[in-house]
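Some notes on the model follow, as numbered points. They go from the chain as a whole to its cores and then to single residues.

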Amino acid sequence: MATGPWPYRFRPTPWEDIARFLGELAETHDELGHMAAVADSVVASGAVDSLAGCTSMHDILVVSTPLREPPYDLVVVRAPGSLHPPRAGCVLVEHLTGTGRDDRIESPTADAVPLFWRFMIEKFGVHPATLAQGD
């Protein structure tokens, strides 16, 4: 599997659009419900200005903002059907870096949202506003 930073210009999609797209897919594909939940959590978190996201197939690609020139450290939430899919019933979150300190954790889909935020906090220093305020 190829690793390393994202070498291309990142073209973000508004998080509300990502959430709507994945939510509509999840209505007919239950196995994508956790992906929609991740996108919904970003919208609800107050962190939409701190994280830039887009989808590739059904994977969620995330970089921190402000955007600069590539390459980017990238967090990818892998969906079922990804080129690098998680095991059935699991979510795979990967951090791809320019330092070679890539990281990946696979967990049950029930852990998708907390695992996503763990990566956002540890890799990008971005906390959801609701956690930062103690809600």
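1. Of the 135 residues in the chain, 40% are buried. This is a predicted model, and the figures below should be read as such.

2. The accessible surface of the chain is about 7,200 Å². Carbon and sulfur atoms account for 52% of that surface.

3. A compact globule of 135 residues would have a radius of gyration near 14 Å, and the chain, at 14 Å, agrees with this. Along the principal axes, the C-alpha atoms fill a box of roughly 40 × 35 × 25 Å.

4. The chain holds four helices and five strands. Read from the N terminus, the order is α-α-β-β-β-β-β-α-α. Counting contacts between residues at least 6 apart in sequence, 50% link residues at least 24 apart.

5. On charge, there are 18 negative side chains and 10 positive ones. The centres of the two sets are 9 Å apart.

6. The largest nonpolar core comprises 29 residues. Those with the most contacts inside this core are Leu22, Leu51, Ile60, Val62, Phe116, Trp117 and Met120. At least two core residues come from each of the helices α1 (15–28), α2 (33–45) and α3 (112–124), and likewise from each of the strands β2 (59–64), β3 (74–78) and β4 (90–96). Helix α3 gives the largest share, with seven residues.

7. A second core is separate from the one above and has nine residues, among them Phe10, Ala52, Cys54 and Leu96.

8. Which residues does valine 62 touch, not counting those up to four places away in sequence? The list includes Leu51, Phe116 and Met120, which, like Val62 itself, are among the residues with the most contacts inside the largest core. Val62 also touches Phe10 and Ala52, and these two belong to the second core. The remaining partners of Val62 are Trp15, Gly53, Asp73, Leu74, Val75 and Phe124.

9. Is histidine 95, in strand β4, buried or exposed? Its relative accessible area is 6%, so His95 counts as buried. Leaving aside neighbours within four places in sequence, His95 is in contact with charged residues including Asp73, Arg101, Asp102, Asp103 and Lys123. Its other contacts are Leu74, Val75, Phe119 and Phe124.

10. The surroundings of the two residues can be read together. Asp73, Leu74, Val75 and Phe124 are in the contact list of Val62 and also in that of His95.

Technical notes. Residues are numbered from 1 along each chain as its sequence is written. This is a predicted model: local features need pLDDT of at least 70, side-chain atom pairs count only at pLDDT 80 or more; totals for chains, interfaces and linings use all residues. Side-chain values use heavy atoms; hydrogens and water are left out. The radius of gyration is taken over C-alpha atoms; the globule rule is 2.2 Å times the number of residues to the power 0.38. Buried means under 20% relative accessible area, exposed over 50%, partly exposed in between (1.4 Å probe, protein chains only). Contact means heavy atoms within 4.5 Å. Accessible areas come from the Shrake-Rupley method with a 1.4 Å probe; for residues, only the protein chains shown count as cover. The place of a charge is taken as NZ of Lys, CZ of Arg, CG of Asp or CD of Glu. A nonpolar core is a set of buried Ala, Val, Leu, Ile, Met, Phe, Trp, Tyr and Cys residues joined through side-chain atoms within 4.5 Å.
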